[in-house]
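Welcome! Let us take a short walk through this protein, stopping at its pockets and at one of its hairpins.

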Amino acid sequence: MSDLVNAVSNAVREAGEQLRTAGVVPEALAEFVPERRKLLIRRRATMLPLGTVWRLGSLMVGADLGAPPALFVVGRATRAAARLHPGNQSVSREERRDVAAAALHGGFPEGTPVNYDALQIGLDEATLGSLSPELPIGFADGELRVRWRVGAPLAGAPTLSAYLRERADLLANPPQGAS
């Protein structure tokens with residue numbers, strides 16, 4: 001199993017190095033803290049910065065220099081934006097506007113993409129050996145594999161290293177005409 005842990009750590013590290021070398025700008029990673037009251041004081045919803053990541057499909061790779069390699073399952077994302085007057089839109093739209101305002105309140109510049117509710121996958125034997133079937137990542141044929149959607153079979157899915165290599169290459173070298 002330690003060979004697998006080393007292989008996974010190396011795959012995550014290599015994807016990060018490829019993206020850093022290509023000059024791909026990472027996105028923010030944060031923890032969403034909902035609005036709360038303490039005694040009579042109302043605290044607005046906010047986002048606490050946790051670092052930076054590169055989004056590679058259903059997974060994200062940590063982008064913080066000097067930190068050990070980090071792998072995350074994508075959660076939710078928003079762009080930091082000011083919360084203007086309610087527009088009498090749907091409840092879900094108003095909730096999304098509140099989340100975008102929480103990112104701005106957390107100190108992220110307006111327009112910054114912010115990922116939150118991400119699940120970090122521990123790169124250790126215990127965590128890798130007990131991955132939930134609810135995740136897009138799992139074991140099949142003695143390899144850690146990434147399925148394209150939760151619930152899809154792992155047999156025939158690309159290995160984690162192949163998946164990260166392909167997605168990092170697409171992000172670093174987008175197809176012609178894409179921006």
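Which helix gives the most to the lining of the second largest pocket? Keep in mind as you look that this is a predicted model. The answer is helix 2, residues 91-105, which contributes five residues to that lining. The second largest pocket holds about 240 Å³ of space. Around it you can find Glu35, Arg42, Arg44, Ala45, Arg83, Asp98, Ala101, Ala102, Leu104 and His105. Sorted by class, this lining has five charged, four nonpolar and one polar residue.

Now turn to the largest pocket, with a volume of about 310 Å³. Its lining is made up of 21 residues, and those nearest the centre are Gly62, Asp64, Ala67, Pro68 and Pro69. Two or more lining residues come from each of helix 1 (2-22), strand 4 (46-56) and strand 5 (59-62). Helix 1 gives the most to the lining of the largest pocket, five residues. By class, 12 residues of this lining are nonpolar, five are polar and four are charged.

How are such spaces found? Rolling a probe the size of a water molecule over the atoms reveals where empty space remains.

Our last stop is a hairpin. Here strand 10 (residues 137-140) pairs with strand 11 (residues 143-146) in the antiparallel sense, over four bridges. One of the partnerships to look for joins alanine 140 to glutamate 143 in strand 11. Two residues lie between the strands of this hairpin, and aspartate 141 takes a positive phi near 55°.

Definitions and conventions
Residues are numbered from 1 along each chain as its sequence is written. This is a predicted model: local features need pLDDT of at least 70, side-chain atom pairs count only at pLDDT 80 or more; totals for chains, interfaces and linings use all residues. Side-chain values use heavy atoms; hydrogens and water are left out. On a 1 Å grid over the protein atoms alone, a cavity is a set of points where a 1.4 Å probe fits but cannot get out, and a pocket is an open set with protein on both sides within 12 Å along at least five of seven lines; lining residues have an atom within 4 Å of a point. Grid points are joined across faces, edges and corners, and a volume is the space filled by probe spheres set on the points. Ala, Val, Leu, Ile, Met, Phe, Trp, Tyr, Cys and Pro count as nonpolar, Asp, Glu, Lys and Arg as charged, and the others, Gly among them, as polar. Two strands pair if DSSP finds at least two bridges between them.
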